[in-house]
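Colleague: Could you take a close look at one part of this model for me, namely its salt bridges, and explain slowly how they sit within the chain?

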Amino acid sequence: MDRETKLIIEKIHEIQDMSITIAVVSRLIDEMSRNEDFNQYQIFGLNGAIKLLADYQSKTIEFVEERLRDAETGR
């Protein structure tokens, strides 16, 4: 397996890990929003973290797509 293939596989695993993390934290936020022990600032902070993680995930997906396109065209 060449270096490029290993990088793509590593990034795909990273994307999967981010998807799981986003799902778990989103569910936690949902549960926290129903519990009065947590204030809106805590929930807002977690929502911000989810947004940053989702943005990074999107950029990682774009990176993988570009690498796969380059591999198809032989660049």
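Modeller: Asp30 counts as partly exposed, because its relative accessibility is 40%, and in this predicted model its side chain meets that of Arg34 in a salt bridge, with 2.5 Å from N to O. The partner, Arg34, is exposed, since its relative accessible area of 60% is over the 50% that the word requires. Arg27 is likewise described as exposed, with a relative accessible area of 60%, and Arg27 is found in helix H1, which covers residues 3-33. If you follow the chain onward from Arg27 you come to Ile43, 16 residues along, and the C-alpha atoms of these two residues are separated by 12 Å.

The pair of Asp30 and Arg34 belongs to a structure that holds five salt bridges, and another of them joins the side chains of Glu4 and Arg67, at 2.7 Å from N to O. This pair links distant parts of the chain, for Glu4 lies in helix H1 while Arg67 lies in helix H2, residues 40-73, and the two are 63 residues apart. Glu4 has a relative accessible area of 29% and is therefore partly exposed, and Arg67, at 26% relative accessibility, also counts as partly exposed; to be called buried, a residue would have to be under 20%.

A further salt bridge is formed by Asp55 with Lys51, whose closest N and O atoms are 3.0 Å apart. Here both residues lie in helix H2, and they are four residues apart, which is about one turn of the helix. Asp55, at 35% relative accessibility, counts as partly exposed.

It helps to set these pairs against the whole chain, which has two helices and zero strands. Its radius of gyration is 17 Å, well over the 11 Å that the globule rule gives for 75 residues, so the chain is more spread out than a compact globule. Along the principal axes, the C-alpha atoms fill a box of roughly 55 × 20 × 15 Å, and buried residues make up 17% of the 75 residues. Among contacts between residues at least 6 apart in sequence, 72% join residues at least 24 apart. As for charge, the chain carries 10 positive and 15 negative side chains, and the centres of these two sets lie 5 Å apart. Finally, the chain exposes about 6,100 Å², of which carbon and sulfur atoms supply 55%.

Conventions
Residues numbered from 1 in each chain as written. Predicted model: local features only at pLDDT ≥ 70, side-chain atom pairs only at ≥ 80, totals over all residues. Heavy atoms only, no water. Rg over C-alpha atoms; globule rule 2.2 N^0.38 Å. Buried < 20%, exposed > 50% of the residue type's maximum accessible area, 1.4 Å probe, protein only. Contact = heavy atoms within 4.5 Å. Areas by Shrake-Rupley, 256 points an atom, 1.4 Å probe, with all protein chains shown as cover. Lys, Arg positive; Asp, Glu negative; His and termini not counted. Charge placed at Lys NZ, Arg CZ, Asp CG, Glu CD. Salt bridge = Lys/Arg side-chain N within 4 Å of Asp/Glu carboxyl O.
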